[in-house]
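Colleague: Please take a close look at the empty space in this model. I would like the pockets and cavities first, then the charged pairs and the nonpolar surface.

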Amino acid sequence: MDNENKPSGIDSLARNPLVVGLLIGILAALVQVLLISAGGPEAYGFCVACHTRDVVNIGVNALTGMKLAAAPISQNAVLPVMTVVGVLIGAFISAKTYDEFRAKTGSALSYLWYLLGGLFFMVFALFMGGCPYRIALRVGYGDAIAFIGLLGIIAGVLVGIRIATTIAEREV
Amino acid sequence: MAAGWLSKEIAVVAVPIVTIVLGILIGWLGQRSGFCSIGGFRDFFMFRHTRLLNGYLALIAGAFIGYLVFWLITPSAFEHFFWLLTSGFTPVPGAPAGLSPLAYVILAVIGGIAIGIIGVILGGCPLRQCVMTSEGSIKSLFFVIGMCIGSVVFTLWISGLVVAMLKGIA
């Protein structure tokens, strides 16, 4: 890591989650004021689960002629919201730029667990109408149900820690 | 009808462009900072580390500030801000539609607990999984593929079932 040799002011800001969080929140509001004429819902500027759903479902619709649901903004626009595609590209450029790209493989069983984990994560995120990011936006927008969802996430994290420590102790 | 800075004709073309630019920026920032929502709560409860948690709380604050400021400038783009005052105890659209408030609470609690558990056990929220995919993790790539499959599974089979069940009990 030769980052210490070339400290940059912008990079030290980009590495500070506090700055990043504030910026993502403000940009999500900016996206709404720019694009809301294309369609709702509100508080939809950034969501990994819903935006992935829009791209996948509209892609599947285009290939198969089905009519899977997507947010109005993605159905009305020429292409759906591409945020998650952007995230994958942006993180790849950044990882390459800072020489932090490392191909990491795992066991076939771990791939299966992550595949199922992603599948169920998506299903339960769509239950509540968003991943933790859209939940944060909705809380900032004044949505009390999203706040209850956030309390649910916190409870789930506590249960998850219990499960993870139990598994770890059994393996020791 | 909600109206933002771009007219409808321009906005429908701008949607993929603006969102991919936003995504690239978030991906870059997420890679540099290790930003993770669920990781924030996990690190706080396990180690009392507040670095990531501060990021998530700042996201809520930044969203509120952003919505407030842009709402003051262009109220027509934020028709139902501040949601609780304009629309009461209902969710912003996005979850399955046409349910009672109790049903939405049930969905939010079940969904929240489940994604909290999955996120902790697999080491990250979906943003972190996307970033780790771009950093070269094949496991996280399978998580992202799983999310894509989950989207179709939910839309085709689970959404209607859940709505029917909740309409029966709540």
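Modeller: What follows goes through the pockets, the cavities, the salt bridges and one surface patch. This is a predicted model. Rolling a probe the size of a water molecule over the atoms shows where empty space is left.

Start with the largest pocket. Its volume is about 350 Å³. The lining has 20 residues. Nearest the centre are Arg53(A), Gly94(B), Ala95(B), Pro96(B) and Ala97(B). Helix α7 of chain B, residues 138-169, gives the most to this lining, with three residues. By class, the lining of the largest pocket holds 15 nonpolar, four polar and one charged residues.

The second largest pocket comes to about 290 Å³. From chain A, its lining takes Ser110(A), Trp113(A), Tyr114(A), Leu116(A), Gly117(A), Phe120(A) and Ile167(A). From chain B come Ile118(B), Ile121(B), Leu122(B) and Lys139(B). Two helices, α6 (108-127) of chain A and α5 (101-121) of chain B, each supply at least two residues of that lining. The most comes from α6(A), with six residues. The class split for the second largest pocket is eight nonpolar, two polar and one charged.

Now the enclosed space. There are two cavities of 30 Å³ or more. The largest cavity has a volume of about 110 Å³. It is lined by 13 residues, and Val31(A), Gln32(A), Tyr44(A), Gly45(A) and Ile73(A) are the closest to its centre. Helix α2(A) gives the most to this lining, with three residues. Seven of the lining residues are nonpolar, six are polar and none is charged.

The second largest cavity has a volume of about 30 Å³. Chain A lines it with Phe127(A), Met128(A), Arg138(A) and Ile145(A). Chain B lines it with Pro91(B), Ala95(B), Tyr104(B), Leu107(B) and Ala108(B). The largest share, three residues, comes from α5(B). This lining divides into eight nonpolar, no polar and one charged. Ala95(B) appears here, and Ala95(B) is also among the residues nearest the centre of the largest pocket.

Next, the charged pairs. The whole structure has seven salt bridges over all chains. One of them links Arg32(B) to Glu100(A), with the closest N and O atoms 3.3 Å apart. Arg32(B) lies in helix α1 (residues 8-33) of chain B and Glu100(A) in the loop between α5 (83-97) and α6 of chain A, so this pair joins two chains. Arg32(B) is buried, at 6% relative accessibility. Glu100(A) is partly exposed, at 24%. Both belong to a network of salt bridges that also takes in Asp11(A) and Arg15(A).

Two further pairs can be named. Arg102(A) and Asp99(A) meet at 3.9 Å, N to O. The relative accessible area of Arg102(A) is 40%, so Arg102(A) is partly exposed. Asp99(A) has 52% and is exposed. Arg42(B) and Asp43(B) form a salt bridge at 3.0 Å, N to O. Asp43(B) is buried, at 14% relative accessibility.

Last, the surface. A nonpolar patch of about 760 Å² includes Leu22(A), Ile26(A), Trp5(B) and Phe64(B). Helix α2 (17-35) of chain A and helix α3 (51-73) of chain B each supply at least two of its residues. The most comes from α3(B), with six residues. Val69(B) is one of the patch residues and sits in helix α3 of chain B. Val69(B) is partly exposed, with a relative accessible area of 39%. Patch residues need over 30%, so Val69(B) clears that cut-off.

Technical notes: Residues are numbered from 1 along each chain as its sequence is written. Chains are lettered from A and ligands numbered from 1 in the order in which they are written. This is a predicted model: local features need pLDDT of at least 70, side-chain atom pairs count only at pLDDT 80 or more; totals for chains, interfaces and linings use all residues. Side-chain values use heavy atoms; hydrogens and water are left out. Patches are made of residues with over 30% relative accessible area and no salt bridge: like charges are joined within 9 Å, nonpolar side chains (Val, Leu, Ile, Met, Phe, Trp, Tyr) within 5 Å. Accessible areas come from the Shrake-Rupley method with a 1.4 Å probe; for residues, only the protein chains shown count as cover. A salt bridge is a side-chain nitrogen of Lys or Arg within 4 Å of a carboxyl oxygen of Asp or Glu. Helices (H or I, at least four residues) and strands (E, at least two) are DSSP runs, numbered from the N terminus. Buried means under 20% relative accessible area, exposed over 50%, partly exposed in between (1.4 Å probe, protein chains only). On a 1 Å grid over the protein atoms alone, a cavity is a set of points where a 1.4 Å probe fits but cannot get out, and a pocket is an open set with protein on both sides within 12 Å along at least five of seven lines; lining residues have an atom within 4 Å of a point. Grid points are joined across faces, edges and corners, and a volume is the space filled by probe spheres set on the points. Ala, Val, Leu, Ile, Met, Phe, Trp, Tyr, Cys and Pro count as nonpolar, Asp, Glu, Lys and Arg as charged, and the others, Gly among them, as polar.
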